[in-house]
Amino acid sequence: MCGPLSAPTISRLRTLVRKRRNGADDHHTGGVPMSFGLLILRLLLAAMLCGHAAQKLLGWFGGAGLVNTAAGFERWGFRPGPRLVVLAGMCELLGAGSVVLGLLTPGGAAVIIGTMIVAAAPSAARGLWAHQGGCEVPVLYAGMGVVLGFTGPGGWSVDHALGLTSLSGPAWGAAAVVVGVLAAVPPLLARHRVLAASR
C-alpha cells in the first residue's frame, strides 16, 4: 500500500503539470520568441495604418487631408469621394486597433486585406514597385494582414488573454483572405463602372 506523497514529489508533479500547460500554450502561440516577433509585426502594421488614416482624415504627416484626398479618390473612380475617404480611414483604424490589441485578429486581418486590395487598384497598372508609382505598399500591408490571419497575434494579445487561442491556423487565415477579397469586390466594381462611364 502506497503512503502519502512527499513534498518534493508533489513539487515535481506540479512542475510537470505547469510545463505541460505551457507546452499547450506554445502550440498556439509559438512561445516567447514568436510572440515577441508577432508583437513587433502588429505594432509596425498598426502604426503604419494609423499614419495613413491620419493623412487622409486629418492631413497629418504631410497628408492631403479629407478634402484633397476626396478629390483624388474621385479622380481614381471612387465616388462619392468624401464618404469613401472616411470609410477607408475608418477601416484602416479598425484593422489597426484589432491587430495592435490582438483582438479577434482574423477579423482585423480581413479588414486590412480588403482595404489594401482596394487601395492597390489605382496604382496596379504601374506595376508593383513603389519608386515607379506601383502598388508595393498596399500589397505589403495586405501580406502582413494575411500572415497575422494565419499565425494569430501570439501570446501577448487580448485573444490569448481571453482564451481565444484557437483563432489562428489555416482555416482562420483562409477565411480572412476570402472575406477580405469578397469585401473588396463591391467598391472595385463600382469604380470600374464610374471609369467606364467617363470614357
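What share of the 199 residues in the protein is buried? Buried residues make up 34% of them. Keep that figure in mind as you open the model, which is a predicted one.

**Stop 1: the whole chain**

Start with a cartoon view and colour by secondary structure. You will find 8 helices and 0 strands, so the pattern read along the sequence is α-α-α-α-α-α-α-α, in keeping with the way such elements are defined as DSSP runs. Now switch on a surface. The protein exposes about 11500 Å², and 71% of that comes from carbon and sulfur atoms. If you like contact maps, here is a number for yours: among contacts with a separation of 6 or more, 63% join residues 24 or more positions apart.

**Stop 2: the largest nonpolar core**

Hide the surface and select residues 38, 45, 46, 49, 96, 99, 112, 116, 141, 142, 144 and 148. These 12 residues form the largest nonpolar core, and they include Leu 38, Leu 49, Val 99, Ile 112, Met 116 and Tyr 141. Which helices supply at least two residues each to this core? They are helix H2 (31–58), H4, H5 and helix H6 (136–151). As background, nonpolar side chains tend to be buried together in soluble globular proteins.

Next, centre on Met 116. Setting aside neighbours within four places in sequence, Met 116 is in contact with Leu 49, Glu 92, Pro 138, Tyr 141 and Ala 142. Of these names, Leu 49, Tyr 141 and Ala 142 also appear in the core you just selected. Glu 92 will come back at the next stop.

There is also a second, separate core, this one of 7 residues; Ala 70, Phe 73, Val 85 and Val 118 are among them. Keep Phe 73 labelled for later.

**Stop 3: the salt bridge**

How many salt bridges does a search of the whole structure find? It finds 1. Select Glu 92 and Lys 56, whose side chains meet with an N to O distance of 2.9 Å. The pair links distant parts of the chain: Glu 92 sits in helix H4 and Lys 56 in helix H2, 36 residues apart.

Are these two partners buried or exposed? Glu 92 has a relative accessible area of 5%, so it is buried. Lys 56 counts as buried too, because its relative accessibility is 14% and the cut-off is under 20%.

**Stop 4: the aromatic cluster**

The structure holds 4 aromatic pairs. For one of them, show Phe 73 and Trp 76 as sticks: their ring centres are 5.8 Å apart with 40 degrees between the planes, a tilted pair. Then add Phe 78. The rings of Phe 73 and Phe 78 have centres 5.8 Å apart and planes at 55 degrees, so this pair is tilted as well. Together, Phe 73, Trp 76 and Phe 78 form one aromatic cluster.

Colouring the cluster by accessibility is worth a moment. Phe 73 is buried at 10% relative accessible area, and Phe 78 is buried at 6%. Trp 76, in contrast, is partly exposed at 41%.

**Stop 5: a nonpolar patch on the surface**

Bring the surface back and select Leu 43, Val 100, Leu 101, Leu 103, Leu 104, Leu 162 and Leu 164. Together they make a nonpolar surface patch of about 570 Å². Zoom in on Leu 103, which lies in the loop between helix H4 (81–101) and helix H5 (105–124). Leu 103 is partly exposed, with a relative accessible area of 30%.

**Stop 6: two alanines**

Finish with two alanines. Ala 120 is in helix H5 and is buried at 12% relative accessible area. Beyond its neighbours within four places in sequence, Ala 120 is in contact with Cys 135 and Pro 138. Try a distance label from Ala 120 to Val 139: the C-alpha atoms are separated by 6.8 Å, with the two positions 19 residues apart along the chain.

Where does Ala 64 lie? Look in the loop between H2 and helix H3 (65–75). Ala 64 is partly exposed at 45%. Leaving out neighbours within four places in sequence, Ala 64 is in contact with Gln 55, Gly 59 and Thr 69. The C-alpha atoms of Ala 64 and Ala 54, which are 10 residues apart along the chain, are separated by 9.7 Å.

Key: Residues numbered from 1 in each chain as written. Predicted model: local features only at pLDDT ≥ 70, side-chain atom pairs only at ≥ 80, totals over all residues. Heavy atoms only, no water. Phe/Tyr/Trp six-rings, centres within 6.5 Å; stacked < 30°, edge-to-face > 60°. Buried < 20%, exposed > 50% of the residue type's maximum accessible area, 1.4 Å probe, protein only. Patch = residues over 30% accessible without salt bridge, like charges linked within 9 Å, V, L, I, M, F, W, Y side chains within 5 Å. Areas by Shrake-Rupley, 256 points an atom, 1.4 Å probe, with all protein chains shown as cover. Salt bridge = Lys/Arg side-chain N within 4 Å of Asp/Glu carboxyl O. Helix = DSSP H or I, 4+ residues; strand = E, 2+ residues; numbered from the N terminus. Contact = heavy atoms within 4.5 Å. Core = buried A, V, L, I, M, F, W, Y, C linked by side-chain atoms within 4.5 Å.
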